Each structure stands twice: as C-alpha cells, then as structure tokens.
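Grab a coffee and open the structure viewer. We'll take a walk through a few spots in this protein, starting with a loop and then moving on to a helix, some sheets and the cysteines.

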Amino acid sequence: MTRARPLDRTRLATLMAAETAQFAADHPRSHDLHERAKGSLLDGVPMNWMVKWAGPFPLFVDEASGARFTCVDGHEYIDLCLGDTGAMAGHGPEPTIAAVERQLRRGITHMLPTEDAIWAGEELRRRFGLPAWQFTLSATDANRFSLRLARHISGRSKVVVHDHCYHGSVDEAIAELDANGRVVPVDGSVGPQVDVAMTTRVVAFNDIDGLARALEDRDVAAVLIEPALTNVGIVLPEPGYLEAVRELTRRTGTILIIDETHTICAGPGGATGAWGLEPDMLVIGKTIGGGIPAAAYGMSASIGDRVRASIPLEESDVGGIGGTLAGYALSLAAVRATLAEVLTDAAFERMIPLAERWAAGVDSVIASYGVPWHVTRLGARAEYHFLASPPRTGAEQRANADFELERFLHLWAMNRRVLMTPFHNMALMSPATTESDVDRHTEVFGEAVDALFA
C-alpha cells in the first residue's frame, strides 16, 4: 500500500470554497430563513451549538421520518447524526408517536406518578441491573442530581472526571488537564461558577495510576465516567481498565457513576450491560424518550437506602434534586413506548452490524488511499480519527483533531445528502437505518478522500 501524500492545505481550501458555494446555491430557502432568524434568535439559531454546522448557515428542516429528513429546500438527507443521539430511535418512531398522542389526551403533566413510570423503572432495572430509579428531563440534570446525592451521603467534597469527558452542562465536569497537568476549565468554558479545581479532579482516560492518586486521600465523593469517551471522539477502554476503576472506587469508598447517555449505543443495556459493569449509580438520557425530553438516574439498593435515610420528608422538595416536570406523564409514556417497541434487543441486533458495515466501508477507503487515519467503533456508533492508530486518551484524540478538514468532510457529505454529527467524524445507526444508507456514506466518503489525495 502506498501512503498518501501529506494533506495539501491550499487544495483543501479550494475544495472547501467550492463546496460552500454549492451548499449556498442548493439551499436558498434555508438561507432566507437564517437571515430572518437573525432578527430574533442569537446568531440566527435557537441553540448556540447549531452555529457549528459546516455550511455557511444551518439547514432548516421541513420534516423527518426514520433515518432521513427533508430540508425546506426539498432535499432529502440520510441522517447519521440523529440529533447527536437524541433521535437514535429514529425520527418519529410510530410506537412513540402513538403513545404520546394517547397521553396528550389523558393529561400531560400533574406531578403525580403514572403506571408508565413503574414500567420504565422496571425496564431500566432489567437493562442496567440497578433497582432504584428517578427521572429527569435531561442527562445533564441526572448527572447533576447524582453528584449532589453522592456528596450528600458521603460527606466528601470532590468529584473525579476524565480528561476530555462530556456529561452535559454539569459545572464540575467542564474541566480538563492543561499541559502541566493542572485542572482548568475546558477551552471555551462559559462563566464557570468557581475555579473548577476546587470541585474537581481530572484524570486521563485509561490512566489507572492517575485515578489511584486522585482517590488516595478519600475526599472524592464520586467518580463520574463514560465507560468509553465519545464527545472528543470515541476512545475505548484498554483491557482491565474499567475493572480497575471499579476495584479502586470500592476500596476507597467512592461512588462510581456511569453515564451511558452516549454509550447506550453499545447495546440495549449500554456498555454496562455489554461489558458486565457494576456501577453504584447510572445515568441515561437523550435516547430513551424517542425524541421527547427524558432522562433517568438509577442507584444500587445500598445507595438508595443511604439517600432515603438522609433526606427528611419535610425537605424532600427543597434540596436541589428533582423538578416540576421531572418524571411527568408525557415523557414516561414516551419512554415506555420507546424502550418496549423501538430500542429493543432485536433493534440493536440490526443496528450494530450496520455500524460494523459503516466502519468496514470507511476503513476500506482509508486503506486504498494509504491515508494515516483510523476507524473506531462502539456498538452502533463509529467514527474515523485523523491518526493512524486508536487514541488511548482524550488528549491524544484532541491533539490530532483537524477542524478545517473535519468541516470539509462534513460539508462534502451534506452536499451529497448525507448528514454526519457536526462535532467530529461520528455516525450513529438507528433502527430505521439501512445498508444502502451506510453504503451511500462509503461512496461519498471515498469521493471526498479521492478529491483530497488522488
């Protein structure tokens, strides 16, 4: 195999300019809506992340169904982003729609439980092995509440997270290591409440010695982890790493919280189920409501007993845990339908082979052009990295990121009606994704690599 020549930045810029012009020409209606939106929405978008799409303005969606959507200019797209996991069940899954429509007519919210809540708790217990569950509207809230409870019942003040982790907008987790190994806010952190080093210790992924040092004074209430990094790019645990994390946390009396919000792609029980993990607490969000905002956090029987014994009934609503719409009827109807009929064991048996096919297709292109890139897969999710071997840490993955190249590849795909996750080079399969969808991405990706390196 002949190794590809180094990336020509001038050629990349020329190609990007042509793709940008093509995108603008193809999407006059999205352009006009974006210009109008600037009159009432900051930067013309309803949520700030939406400025990061690779085009000169975002696509405006007309409708979406299954693994595809149509923009307001009438173009249909294969969706491999799936709302950054929020639509992992596919857009508008019929069982979820039917359950939501029924519940809309029976009452949306009343701050009282429904039978759907019991079913959802029982199903989460089956999937993840933890017996006691609570519901929220987002994984951010579920992570935040879990950390508050961990500090409350342990009497300890600190939290440990991985370098380049992502746990939503939880203040304690918006932290990283600088070049000197100091805990600092992540680049781009907006208005941190306090110096994050006061609340958080950060260790590199796969660094068990670093974790041991962080826990040795027994002032850490909880270790909050993804079992594989996803938001900086997929970084998989080395053999024995997660087992060592569990052993260390048990030895030091530290609560282990696993955030499965992205790693649910590993299987119906996430990485916890697929790899036989044993967390004290677990967070899951985004996917479980089929697009309706919903999340949950579960805990072991012993953690549940400690929580129950430590919060007086009179103070159960004022301690910073819970919320008026948390666990509301409409969201739990959506969760029940999505878990029972959409994101089923059988669905994952179809989705994971599709991700294997996606990874094999991308890998074949990389190999045929001799490009020093690598493909990593986690269950129904896969992505390519701009380095020749799998990254071991988040810092290694980030050091090899290439924002200009990434945006070009995303825009090239968009112009050929394939949508990738905008933050890195990740694709996610849904129950509605097909082999032809995957093969179309392989074709488009191959054309992009040819344009860059042929």
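Arg 218 is partly exposed, with 44% relative accessible area. Keep in mind that this is a predicted model. You'll find Arg 218 in the loop between α6 and β9, and its phi is near 55°, a positive value in a residue that isn't glycine.

Now look at the loop between β8 and α6, where Asn 206 sits. Asn 206 also isn't glycine, yet its phi is positive, near 70°. Is Asn 206 buried or exposed? With a relative accessibility of 4%, Asn 206 counts as buried.

Here are the two loop residues side by side:

| Residue | Phi | Relative accessible area |
|---|---|---|
| Asn 206 | near 70° | 4% |
| Arg 218 | near 55° | 44% |

Next up is the helix itself. Helix α6 covers residues 208–215, and its buried residues are Gly 210, Leu 211, Ala 214 and Leu 215. Looking down the axis of α6, you'd see these buried residues fall within an arc of 130°, so they line one face of the helix. What do they pack against? Their partners are the strands β5 (158–162), β8 (200–203) and β9 (220–225), plus helix α7 (241–251). Flip to the face of α6 turned away from the buried side, and you meet the exposed residues Asp 209 and Arg 213.

The N-terminal end of α6 has a cap: Asp 207 places a side-chain oxygen 3.4 Å from the backbone nitrogen of Asp 209.

On to the sheets. As a reminder, strands of a sheet pair through backbone hydrogen bonds, and they can do this either parallel or antiparallel.

One open sheet has three strands in the order β13-β14-β16, and the pairing is antiparallel. Here β13 (374–378) and β16 (426–428) stand at the edges with a single partner strand each, so one side of each has no neighbour in the sheet. On average, neighbouring strands of this sheet are turned by 15° against each other, if you ignore direction. Zoom in on the antiparallel pair β13 and β14 (residues 381–385), and you'll find five bridges joining them. Which residue of β14 stands opposite His 374? That would be another histidine, His 385.

Another open sheet has four strands, ordered β1-β2-β3-β15, and its pairing is mixed. The edge strands are β1 (61–65) and β15 (418–419); each has a single partner strand, so one side of each is left without a neighbour in the sheet. Strand β3 (residues 76–79) runs parallel to β15, and two bridges join them. In this pair, Asp 79 stands opposite Leu 419 of β15.

Last stop: the cysteines. How many disulfides does the structure hold? Zero. Take Cys 71 as an example. The closest cysteine sulfur belongs to Cys 81 and is 15 Å from the sulfur of Cys 71, which is too far for a bond, given that a disulfide needs two sulfur atoms within 2.5 Å. Cys 165 isn't in a disulfide either: its nearest cysteine sulfur, in Cys 265, is 17 Å away. As for their surroundings, Cys 71 is buried, with a relative accessible area of 1%, and Cys 165 is buried too, at 13%.

Terms used: Residues numbered from 1 in each chain as written. Predicted model: local features only at pLDDT ≥ 70, side-chain atom pairs only at ≥ 80, totals over all residues. Heavy atoms only, no water. Pairing = 2+ DSSP bridges. Axes fitted to C-alpha atoms, helices over the stretch in contact; angles between N-to-C directions. Buried < 20%, exposed > 50% of the residue type's maximum accessible area, 1.4 Å probe, protein only. Arc of directions from axis to C-beta. Contact = heavy atoms within 4.5 Å. Polar contact = N/O pair within 3.5 Å; in protein donor to acceptor, adjacent residues only side chain to side chain.
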